[in-house]
Amino acid sequence: MHSYVLRRLLESALILLGITLVTFVLLYLLPADPARQIAGRSATAETVANIRDQLGLNDPLFVQYGRYLWNLFQGDMGRSYLQRAEVSELIASRLPASLLLMLAAIVTELLIGLTIGIIAALRRNRPVDHTLMIFSFVSISAPQFVIGILLLYVFAVQLGWFPIGGYGTFAHLVLPALTLGFLGAGWYSRMMRSSMIEVLRQDFVRTAAAKGLSKGRIILRHVLPNAILPIIAMIGIDIGLFMSGIVVVESVFGWPGIGQLAWQAIQRVDIPVIMGVTMVSATAIVLGNLLADLVAPLIDPRIKTK
Amino acid sequence: QVDEDAPQGGSMIVTYKDDVATLDPAIGYDWQNWSMIKSLFDGLMGYEPGTTTLRNELAASYDISGDGLVHTFTLKDGISFHNGREITAADVKYSLERVTNPETRSPGAGFFGMIDGFDTWNAGEGEGLSGIEVVNDKTVRITLSRPDATFGHVMALNFASIVPKEAVDEKGEDFGRDPVGSGAFTLAEWTPGQRLVFERFDGYHRAGVPKLDQVTFEIGLEPTVALLRLQQGQADVPGDGIPPAQFLQVMNDPAQADNVIEGGQLHTGYITLNTEMAPFDNLDVRKAVNMAVNKDRIVRIINGRAVPANQPLPPTMPGYAEDYEGYPFDPEGARQMLADAGFPDGFTTELYVMNVDPNPRIAQAIQQDLSEIGITVEIRNLAQANVIAAGGEKDQAPMIWSGGMAWIADFPDPSNFYGPILGCAGAVPGGWNWSWYCNEALDARAAEADAMTGPENAEAREAAWRQIYLDVMADAPWVPVFNEQRFTLTSDAIAGDASLFVDPVHIPVNYDYIYSTEAE
Amino acid sequence: MEPGGTCPVLSVRDLTVQVATPDGAKTVLAGLSFDLMPGETLCLAGESGSGKSMTALAIMGLLPKPMARITDGSVRLGETELTRLSDAGYRKVRTARIAMIFQEPMTSLNPLMTVQAQIIETLLEHGACSRAEAPVRALELLTAVRLTEPQRRLRQYPHELSGGMRQRVVIAIALACAPDIIIADEPTTALDVTVQAEILDLLRVLQRERGTAILMITHDMGVVAEMADRVVVLRHGRAVEAAAVGALFAAPKSDYARELLAAVPRLGDAPLRPARASEPPVLEVRDLCVRFDVKGGLLNRTIARVHAVEGVSFDIQPGETLALVGESGCGKSTIGKALLGLVPWTGSVRVLGRETRGLGPTGLKTVRRQLQMVFQDPGASLDARMTVGEQVGEPLDVHGLESGSARTDRIAWLFRRVGLSPDMMGRYPHEFSGGQRQRICIARALAVSPRIIVADESVSALDVSVQAQVLDLLQELQDEDGLSYLFISHDMAVIDQVADRVMVMRLGQVVEEGTRDAVLRSPAHPYTRRLLSAVPVPDPSRARPVRLQDADDPQSPILPVGQQPERLHLAPVGDDHRAVPA
Amino acid sequence: MTPAAADTAPPGRTRRARVLAVLRELLRRPRAAFGFAVIVLMVLAAVFAPLLMPHDPFEQSFDGLSLTGAPLPPGGEFPLGTDLLGRDLASRLILGTRTSLIIGVLANGIAIALGAGIGVTAGYFGGWVGAVLMRFTDLMMAFPALLLAIVLAAIFQPSLLIVALVIAMVNWVQMARVIYTETRSLAERDFIQVQRAMGSGHLRILFAHLLPHLSSSIMVFGTLGISTTVLLEATLSFLGVGVQPPTPSWGNIIFENQTYFSTAPWLVFIPGAAIVLLALAFNLVGDALRDILDPTLKGRH
Ligand SMILES: Nc1ncnc2c1ncn2[C@@H]1O[C@H](COP(=O)(O)OP(=O)(O)OP(=O)(O)O)[C@@H](O)[C@H]1O
Ligand SMILES: Nc1ncnc2c1ncn2[C@@H]1O[C@H](COP(=O)(O)OP(=O)(O)OP(=O)(O)O)[C@@H](O)[C@H]1O
Ligand SMILES: [Mg+2]
Ligand SMILES: [Mg+2]
């Protein structure tokens with residue numbers, strides 16, 4: 001088990017290395033000059049050249065990459081070109097908020113999605129099922145901005161149950177998590193539904209019924225845990241989707257997460273920040289997948305991690 | 001006109017979508033932190049609140065020698081930084097050398113090019129700016145290498161703010177996170193991505209200023225949401241303005257419309273026509289394009305939040321040519337002109353545009369107008385950095401709509417619209433002169449105009465600049481489209497002279513002079 | 001055993017069950033009636049699809065909804081009329097008064113719950129004991145079903161147990177609330193003969209100890225003979241005959257029962273196999289080894305090996321059948337797969353004199369034209385989404401043999417060859433019975449006219465009557481075309497019918513080999529003897545030996561890297577008969 | 001199951017006849033028929049757009065805006081209202097069907113095919129091929145897709161093809177993961193072993209035997225992917241990769257106007273409804289098709 005985790009960590013590290021390389025190359029190819037972004041519109045050509053020189057942007061790609069890696073290994077992610085602050089600090093100040101939101105969103109989408117999936121599977125091909133299917137497609141197709149503002153308008157402005165955006169308390173968390181969760185719920189409900197239908201056909205469900213167990217218990221203890229297995233792998237994948245999709249929700253709710261930072265950095269070619277955010281989100285994704293793989297055997301004893 | 005005796009006390013909340021990049025006056029160069037820095041720092045010069053009139057700020061007096069080359073500033077007495085230390089002439093020299101030091105990588109270094117010794121110092125050689133001389137504790141003498149009428153304005157730029165060396169040395173690159181200046185406010189709290197809190201600086205050199213005890217900036221709020229907050233009484237000024245989508249809604253509601261203050265802005269939105277790329281190397285083609293764009297309709301598309309423009313300078317800028325008619329909107333004539341220029345069937349070209357609303361919409365309007373005269377325009381909808389990069393290449397972007405990146409003057413002087421965006425200096429790879437328009441005769445005249453220093457020459461200088469811009473228009477490297485108006489929405493909780501809410505150098509509002517209606 | 005009282009514990013009258021089909025309702029049980037007396041074992045026998053499981057499910061109230069429903073009749077449990085019970089009422093009956101053991105022990109336990117949790121859950125649901133007592137009760141139950149190390153088993157998950165152990169757990173659950181009746185739906189079909197014998201013994205002992213009535217469902221007349229007090233023979237949803245077991249076996253009244261009994265293979269009365277002249281063998285296997293790596297560790301290196309097959313050697317002559325027997329997991333299938341190059345192996349395999357070691361894909365392809373394999377489960381080895389005609393034709397396409405109308409003709413010929421009508425070609429596998437599916441698999445194997453067929457448990461999943469048909473078919477093919485078979489099975493009675501020579505395997509190695517008569521009539525190795533004694537004998541008059549055994553952990557063929565299993569050596573014990581000295 | 005089970009069509013029926021039979025079966029189910037009708041209508045709308053559009057979809061008509069520059073609500077001359085430039089929304093939606101169908105069906109299709117292909121290959125071959133492919137999948141999953149889009153946008157001329165490619169590159173990953181796991185278990189099943197024993201080539205095993213069994217998962221992802229890709233296309237257009245203005249697509253109509261949803265709801269909700277309808281239609285048809293094509297479910301309702 002330990003060596004398995006170690007091996008997976010090693011693999012993850014390699015993947016991350018690959019990602020730094022690809023991202024670096026892409027940024028190098030990007031036809032936008034960070035030096036000009038720093039120098040501003042009044043700068044002379046010499047000033048720009050001078051800045052390029054100072055930042056080492058004139059060096060060959062591999063030299064720049066090597067330097068970046070070397071610093072990274074020493075725990076130095078560099079300083080933002082535009083904000084001049086340490087990238088690690090910029091990220092550290094925002095990461096907790098991002099993780100919190102992501103966690104809440106995952107919980108929300110699972111709560112909504114799985115509930116709907118379960119009901120739909122149990123009422124398969126009945127009107128309830130069809131209605132829920134339409135709901136899941138609507139939720140998948142809905143633009144987050146619109147959902148966010150609608151929720152905000154109804155629950156924060158009209159009903160006054162929650163603050164109008166911001167960060168800090170549990171009340172602040174509810175609406176953004178709901179917005180993100182709403183989208184994911186559509187996916188999870190569809191997958192949970194088919195997974196449930198599959199499990200409901202299994203022999204052991206019939207055995208459970210033959211034991212005289214109540215319907216609720218059969219669903220909760222026997223069907224659900226088995227049906228949820230394929231979903232767990234999806235949660236790992238989900239983290240990636242959140243990392244890229246979180247920007248809109250963050251800006252609607254004034255959530256001080258990493259998405260905003262990334263978005264602004266990409267807009268203005270702030271390479272150290274882009275690299276840093278990419279690394280962090282890639283790490284989150286890779287760890288998320290790893291976690292999913294590690295959690296699976298806890299639920300399913302058949303999966304041996306050896 | 002500004003009520004200097006307004007009561008002190010109270011607080012206000014300003015909202016912003018984007019986080020504040022930095023509060024280092026040598027580095028901050030976007031409209032959001034521009035006025036924040038103005039409230040945290042002071043330079044030798046400043047502006048009368050709500051106007052474009054220069055006044056002495058930290059300087060008690062400002063003398064210019066007859067030839068316009070030597071500028072002598074005397075500091076006020078008893079002025080100190082937020083850390084309590086008294087400001088001396090050495091701080092002025094240090095601050096100006098810091099901003100021009102290549103190591104600082106300041107985007108504003110280029111403004112100080114007229115100071116003697118700039119070229120060597122900025123190239124990383126020598127020991128500071130030779131043109132700056134500390135005469136005594138209170139007096140500093142700055143020698144220019146050429147006479148420059150804009151120097152007073154340059155000294156009022158944020159980049160010329162006075163900073164304490166010990167604080168900069170201590171904080172290093174993090175000075176922008178933890179600024180120490182001598183402005184009306186001090187930074188009390190900065191939670192990244194969430195909020196900044198400014199508090200009154202009790203030792204401020206102007207009595208009775210600032211009016212407010214506290215200004216809170218709530219960060220990360222989408223403009224639509226900021227508006228909701230304001231409507232709920234949870235914010236006082238939406239820093240990003242009224243969101244375009246809600247503009248009409250607000251203006252149609254008399255209660256809210258009452259709280260909207262409209263004003264001009266030193267801004268021009270324009271289309272650059274790359275004079276180095278065919279077919280825009282043909283003057284008639286450029287003129288035809290100028291005649292084809294229906295500016296009235298574009299203004300209507302953005303709900304009338306601008307006025308049509310016909311020349312580079314905005315109307316509130318000295319040197320604006322009131323009686324200039326510009327190119328008339330005349331598609332028929334434009335088509336004829338195009339045919340005469342050898343393009344009876346038009347041609348196909350590209351229009352680069354930044355991808356933030358309303359710019360793509362404006363680009364589509366332009367596209368439709370040009371299609372009327374047979375020009376097929378393909379729109380390239382890109383992130384800001386990519387558009388800027390394309391503009392800096394000689395042969396990449398035939399047309400660029402400047403919206404979102406458009407020129408807003410750094411200081412209220414006509415020269416500010418020329419150098420980087422219309423002069424030869426900007427027409428280099430990586431420059432901001434996206435039309436690649438380079439008229440050396442005009443450049444020479446511009447230099448001459450800037451050399452006309454002193455109040456006695458002001459009128460002549462203005463006339464010279466006016467003519468320069470009219471001559472630029474004769475070559476039609478741009479299609480000036482509109483000058484954006486400012487619409488500032490406020491809550492009832494704050495007040496002040498209307499000019500403070502559309503202050504030309506403080507966007508969105510002049511934080512120092514606005515007061516709270518709840519204050520005694 | 002004498003039936004206890006005179007008042008039946010369960011009484012089924014005129015039970016009629018219908019299922020919905022596209023062509024309207026179909027009656028799968030028509031007016032079935034029988035009584036189950038306290039303490040007696042009643043067997044429901046009949047071929048696949050005759051409605052046996054439907055009867056069981058109908059009694060349990062577990063008919064698949066909304067497809068199937070009881071349209072008529074009554075099921076009385078003592079005084080209670082079950083068909084009129086509400087859902088909640090039924091729940092109180094299930095397991096508390098009637099418990100059920102399902103056919104598939106592999107899938108009838110929840111893979112995610114420990115044994116203990118699954119037992120306790122039942123106890124608590126029916127209030128059989130308090131939460132605190134539950135673990136103790138669970139332990140008692142496991143001890144009662146003779147599981148070794150019951151304490152440890154409680155904490156294990158189903159996948160950590162062998163099939164026999166799992167079935168014991170299922171039985172323990174069934175016993176949990178001391179029910180009046182246990183319904184066992186083919187409880188041993190999926191198990192090894194030896195394990196089957198153990199489970200049957202266990203059921204008998206438990207019944208004697210507790211006086212539970214058992215309704216046993218099976219298609220195996222051997223099992224019927226060993227277990228039943230009375231028998232009801234079902235066909236097409238109707239009872240064809242109901243009689244005491246002795247009477248039925250001695251003098252079956254209905255034709256169908258007679259037919260069924262005649263089809264039962266009996267150990268020892270197989271026909272003589274003609275002796276054959278020694279010819280060059282079609283298949284020579286020398287020192288075949290198959291090992292699977294078990295990976296692990298930081299660098300994912302091999303840390304252990306499964307020694308699935310260890311140094312097996314044998315020859316097969318033209319027209320000869322070599323039978324391979326042994327318990328589950330001893331490496332029988334793996335040998336078959338190795339011959340076809342489906343798993344990595346070492347040693348030497350010569351097909352028609354040609355060494356196949358080191359052959360590339362094209363070389364293997366020619367080998368595969370000579371050697372084909374028929375897999376154990378005909379259902380699983382057919383692609384459910386392709387018509388059977390297509391599937392039989394596939395080998396022709398793969399080997400580029402026929403195309404166009406010649407191909408169609410060939411497929412039709414193959415269908416006729418295995419006794420199917422060519423107009424079934426357009427159907428899908430699920431539209432066939434098990435026996436028919438096995439015929440299709442055989443037809444597919446025959447498509448390329450191979451000389452040798454590896455038949456891996458080809459008849460284990462089939463009804464006796466169907467089994468007999470398939471065995472006849474194989475025999476016919478051998479007689480006519482001189483095919484050779486490597487016949488893998490664990491059923492001694494079947495092997496007795498078809499084999500020329502027999503090879504007994506254990507843990508990847510051969511423990512005994514020789515001619516059929518030598519190995520089956522005078523077994524030398526104790527393991528062979530155990531296998532033979534476990535075969536249920538279809539003769540109710542024979543005394544039922546009680547060989548109670550604990551289910552033990554099967555020995556493992558997995559050894560750490562570097563460790564080799566001890567090689568066994570065969571010593572001659574008679575004419576053409578060798579065994580490992582005991 | 002008795003040997004004399006219900007007889008199906010005679011052998012030797014042609015492919016064409018089979019397709020027709022499936023189609024007939026499809027149309028017999030009301031929900032599937034509805035879905036099918038929606039798809040057909042949308043395809044017709046895309047093909048015959050020029051004939052169907054009530055107005056010129058590019059014309060920024062002066063009557064299309066109110067005096068203050070607000071778009072017009074549905075009704076009157078513009079049946080579905082106008083957009084912020086005064087263009088007829090109905091016409092733009094009809095024309096946008098082209099892009100959105102191509103993206104939702106084609107680009108999504110490529111993504112699904114790529115994901116299924118990689119997943120199935122990795123799962124079927126296993127070993128180092130599988131390891132390399134799955135590590136590559138992990139890498140792609142963790143990779144910032146937006147960045148890729150921006151770089152591509154800046155380097156290439158924007159076109160539908162590029163969008164389709166970018167979407168495919170971003171969206172295949174989840175599919176690959178899921179299919180990989182499923183293939184792993186399928187590949188162990190007997191009927192695949194039989195194929196190997198028979199000497200069947202890999203292609204035959206992959207396409208004739210594995211793929212049909214994966215169709216159910218592919219269907220779930222495929223139909224869900226329709227909405228997501230149509231919306232993703234809008235994001236990409238915004239970044240400059242996708243179809244460029246003034247060419248309409250449902251996604252970019254929503255995207256351009258989403259901030260106006262409270263003042264001009266028709267600009268967001270009508271194209272939104274179109275996307276939901278499209279995805280739903282494919283889902284209904286897909287579900288039915290799966291049932292029809294799964295021979296074990298034949299005839300059950
Ligand atoms: N869900 C169903 N839909 C339609 N027919 C069904 C269904 N389940 C069972 N049947 C039919 O009911 C009949 C009886 O089936 P049952 O399972 O009772 O047979 P069995 O005697 O238990 O056979 P086996 O020995 O194969 O288990 C069969 O003809 C079968 O085809
Ligand atoms: N691909 C594989 N990887 C690892 N171990 C395997 C593999 N295939 C088979 N084994 C192991 O090899 C041993 C022999 O398996 P095999 O399938 O040959 O048994 P068998 O005699 O056919 O059993 P059964 O009667 O249950 O079919 C078993 O322990 C099994 O777990
Ligand atoms: Mg059955
Ligand atoms: Mg086997």
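Contact here means heavy atoms within 4.5 Å. Hi everyone, let's keep that one in mind for the next few minutes. What we have on screen is a predicted model, and I'd like to start with chain B.

In chain B, 70% of the contacts with a separation of 6 or more are between residues 24 or more positions apart. The chain is built from 17 helices and 22 strands. Its radius of gyration is 23 Å, and the globule rule gives 24 Å for 520 residues, so chain B is as compact as a globular protein of that length. If you draw a box along the principal axes, the C-alpha atoms of chain B fill roughly 70 × 55 × 40 Å. As for burial, 65% of the 520 residues count as buried. Chain B exposes about 17,200 Å², with carbon and sulfur atoms supplying 46% of that area.

Now let's zoom in on a few places. Please find B:P25, in the loop between strand 1 (11-16) and helix 1 (31-40) of chain B. Is B:P25 buried or exposed? With a relative accessible area of 2%, B:P25 falls under the 20% limit, so it is buried. Leaving out residues up to four places away in sequence, B:P25 touches B:I37, B:F41, B:N158, B:F159, B:S161, B:V163 and B:F175. There is also a nice long-range pairing: B:G176 is 151 residues from B:P25 in sequence, yet their C-alpha atoms are 7.8 Å apart in space.

Next stop, another loop residue. B:T51 sits between strand 2 (45-47) and strand 3 (54-56) of chain B. Its relative accessible area is 14%, so by the under 20% cut-off B:T51 is buried too. What does the side chain of B:T51 have for polar company? A polar atom of that side chain lies 2.8 Å from the backbone oxygen of B:E48, and a polar atom of the side chain also lies 3.1 Å from the backbone nitrogen of B:T53.

On to helix 9 of chain B, residues 283-292. Seven of its ten residues are buried, so the helix is largely enclosed by the rest of the structure. The buried ones are B:V285, B:R286, B:A288, B:V289, B:N290, B:M291 and B:A292. What do these buried residues pack against? In chain B, their partners are three helices and three strands by name: helix 11 (331-340), helix 12 (359-372) and helix 16 (458-475), along with strand 13 (267-273), strand 17 (399-401) and strand 19 (478-484). At the N-terminal end, helix 9 is capped by B:N282, which places a side-chain oxygen 2.9 Å from the backbone nitrogen of B:D284.

Let's step back to the assembly. Five pairs of chains are in contact, and chains A and B share the most contacts among them. Chains B and C, by contrast, have no contact joining them, and their closest C-alpha atoms lie 41 Å apart.

So, a word on chain A. Its pLDDT averages 85, and 97% of the residues score at least 70. Where is confidence lowest and where is it highest? The low end is helix 2 (residues 34-39), at a mean of 80, and the high end is helix 5 (residues 87-122), at 90. An unreviewed UniProt entry annotates several stretches of chain A as "transmembrane region", including residues 12-30 and 167-188. In the model, residues 12-30 are 95% helix and 0% strand, with end C-alpha atoms 27 Å apart. Residues 167-188 are 86% helix and 0% strand, and the end C-alpha atoms there are 27 Å apart.

That's my tour, thanks for listening!

Note on methods:
Residues are numbered from 1 along each chain as its sequence is written. Chains are lettered from A and ligands numbered from 1 in the order in which they are written. Side-chain values use heavy atoms; hydrogens and water are left out. pLDDT is the predictor's confidence in each residue, from 0 to 100. Helices (H or I, at least four residues) and strands (E, at least two) are DSSP runs, numbered from the N terminus. UniProt positions are given in the numbering used here, feature names are shortened, and annotations may be inferred rather than shown by experiment. The radius of gyration is taken over C-alpha atoms; the globule rule is 2.2 Å times the number of residues to the power 0.38. Buried means under 20% relative accessible area, exposed over 50%, partly exposed in between (1.4 Å probe, protein chains only). Accessible areas come from the Shrake-Rupley method with a 1.4 Å probe; for residues, only the protein chains shown count as cover. A polar contact is a pair of N or O atoms within 3.5 Å; within protein, one must be able to donate a hydrogen and the other to accept it, and residues adjacent in sequence count only if both atoms are side-chain atoms.
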